[in-house]
Amino acid sequence: MTRITVIPGDGIGPEVTEQALLVLGAFGLGLELDVLDHVNAGTFLETGVALSEVDLKRITGSAGTLLGAVGDPRAAGTRYARDVLLRLRFELDLYVNYRPVRLLDARLSPLRRAGRREIDCAIVRENTEGLYADIGGALRSRTEAEVAIDTEVTTHLGVRRVIDYAMSAASRAVCMVDKSNAVPNGGRVWQRLWRAACAERPDLETTHLYVDVAAMRLVQDPTQFEVIVTNNSYGDILSDLAAELAGGLGTAASVNLNPGTGFGLYEPVHGSAPDIAGTDTANPIGAVLSAALLLDRLGHRDEAAAVRAATDRAVADGRCTADIGGSLGTRAAGEAIRDLLA
Ligand code: NAD
Ligand code: IPM
Ligand code: MN
């Protein structure tokens, strides 16, 4: 039996994960779900440990992990998010953060001009270095002379492998996004390896944009993009922007992937949304579509396509949560998707 580890996490994480698991359960694929209920901010605040070695073994020994969201106002300013999410990304070398963005229903996009509605792209975010490398330090802390430094790490291997993945994920066009005009050292690595990769794929339309212009172009007309490849921070920011353009942050899915091992950590793009936790209003679609990415990766392509089709239908019928124009709660919105699967 295929064993999937599950980290429901904090805030709305458990609420949306429950709906994703119910959708997975609808197929009777014989997936064994190994739920790590204790990996959350409460445990971290009580014990100081977010993710134990035993937890890590359960995760690495599984076929993939579904994660809701981690983050809690009580743990703000601590290492909690790093110790769970970034630790998994870095230690399991999940170097691709694949974040597809697809318009579920034309009414949802703020881009209402005709012909500008078919948003269907993916952000391929470098996921193991950049500003997230946690290299730096602080001098003269808490004085007026305080200096804090976070070093942006750019490696040849890190850039090359994520560009390679982006090229392999595209059928039409890849756009590389950096800030090499202002951040020259890492920028030179991105530029050189990008040019080399482009030379090998003359069949693809390859373009480069600085990140500020990329943000503008995404808002202006996102339909021009197929795959965007970029570093860790720009990928984080642009994927929230693109998610909202395609209808709402609550609908965006992602996988943190090591294409070599095939191991993936599947999670909605959004966070734990403490402002709406416990109100049964969170949109479960980001989590459900992340589970569909897991189905794809396990080879259950028809089932994954069925989940996407049912989700589209539920949204088109207005059987969804209030953030995307419906009036259903989290549970009822999940149930609507399951109904349409049948
Ligand atoms: P957030 O994504 O949790 O919320 C941003 C806004 O979007 C909020 O107004 C929220 O109500 C809304 N929203 C998010 N998901 C939604 C959904 N499914 N349905 C409807 N509305 C939704 O971002 P934040 O408020 O900056 O972060 C909250 C906590 O989550 C922080 O601790 C942060 O570090 C953490 N976080 C975790 C992850 C993750 O686990 N992958 C991702 C982002 C943020
Ligand atoms: C995301 C989140 C994380 C990130 C946070 C919680 C560290 O925003 O997965 O997009 O910045 O990568
Ligand atoms: Mn983010």
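Around ligand 2 sit Gly71, Ala81, Leu85, Leu86, Asp236, Val269 and Gly271, where a residue counts as near a molecule if its C-beta atom, placed from the backbone, lies within 6 Å of it. By class, this shell has 4 nonpolar, 2 polar and 1 charged residues. For these classes, Ala, Val, Leu, Ile, Met, Phe, Trp, Tyr, Cys and Pro count as nonpolar, Asp, Glu, Lys and Arg as charged, and the others, Gly among them, as polar. Helix H4 (residues 80-91) gives the most to the shell, with 3 residues. Helices (H or I, at least four residues) and strands (E, at least two) are DSSP runs, numbered from the N terminus.

Ligand 1 has 21 residues around it, and the closest are Gly71, Gly250, His270, Gly271 and Asn283. That shell divides into 11 nonpolar, 7 polar and 3 charged residues.

A word on what you are looking at: this is a predicted model, in which local features need pLDDT of at least 70 and side-chain atom pairs count only at pLDDT 80 or more, while totals for chains, interfaces and linings use all residues. Residues are numbered from 1 along each chain as its sequence is written, and chains are lettered from A and ligands numbered from 1 in the order in which they are written. The chain averages a pLDDT of 96, and 98% of the residues score at least 70; pLDDT is the predictor's confidence in each residue, from 0 to 100. Where pLDDT is low, the predicted coordinates should not be read in detail. For the complex, the predictor gives an ipTM of 0.98 and a pTM of 0.96.

Now to the chain as a whole. It has 11 helices and 12 strands, and its C-alpha atoms fill a box of roughly 55 × 55 × 40 Å along the principal axes. A compact globule of 342 residues would have a radius of gyration near 20 Å, and the chain agrees, with 20 Å. That radius is taken over C-alpha atoms, and the globule rule is 2.2 Å times the number of residues to the power 0.38. Of the 342 residues, 46% count as buried. Buried means that 20 or more other C-beta atoms lie within 10 Å of a residue's own, exposed means 12 or fewer, and partly exposed is in between, with C-beta atoms placed from the backbone. Among contacts between residues at least 6 apart in sequence, 75% join residues at least 24 apart; two residues are in contact if their C-beta atoms, placed from the backbone, lie within 7 Å.

Helix H7 (residues 211-220) is a good place to zoom in, and alanine 214 lies in it. Which residues of H7 are buried? They are Val211, Ala214 and Leu218. Seen down the axis of H7, these buried residues fall within an arc of 50°, so they line one face of the helix; the arc is that of the directions from the helix axis to the C-beta atoms. On the other side of H7, Val213, Met216 and Gln220 are exposed. The cover over the buried residues includes strand E8 (173-178), strand E9 (205-210) and helix H8 (232-245). Leaving aside neighbours within four places in sequence, alanine 214 is in contact with Val177, Leu209 and Leu238.

Here are three residues that count as buried, with their C-beta neighbours and one C-alpha to C-alpha distance each.

| Residue | C-beta neighbours inside 10 Å | Partner and C-alpha distance |
|---|---|---|
| Alanine 214 | 24 neighbours | alanine 332, 37 Å |
| Isoleucine 119 | 23 neighbours | arginine 188, 31 Å |
| Arginine 125 | 27 neighbours | glycine 235, 4.7 Å |

Arginine 125 belongs to strand E5. Although arginine 125 and glycine 235 are 110 residues apart in sequence, their C-alpha atoms are 4.7 Å apart. Not counting residues up to four places away, arginine 125 touches Asn97, Arg99, Thr230, Asn232, Gly235, Asp236 and Ser239. Asp236 is also one of the residues around ligand 2. Isoleucine 119 lies in the loop between strand E4 (96-102) and E5, and its contacts beyond four places in sequence include Val101, Pro222 and Leu245.

Finally, two backbone points may interest you. Most residues other than glycine have a negative phi. Aspartate 134, however, has a positive phi of about 60°; it is found in the loop between strand E5 (120-126) and strand E6 (136-139) and is exposed, with 12 other C-beta atoms within 10 Å. Aspartate 280 has a positive phi of about 55°. Its place is the loop between strand E12 (264-268) and helix H9 (285-297), and with 15 C-beta neighbours inside 10 Å, aspartate 280 counts as partly exposed.
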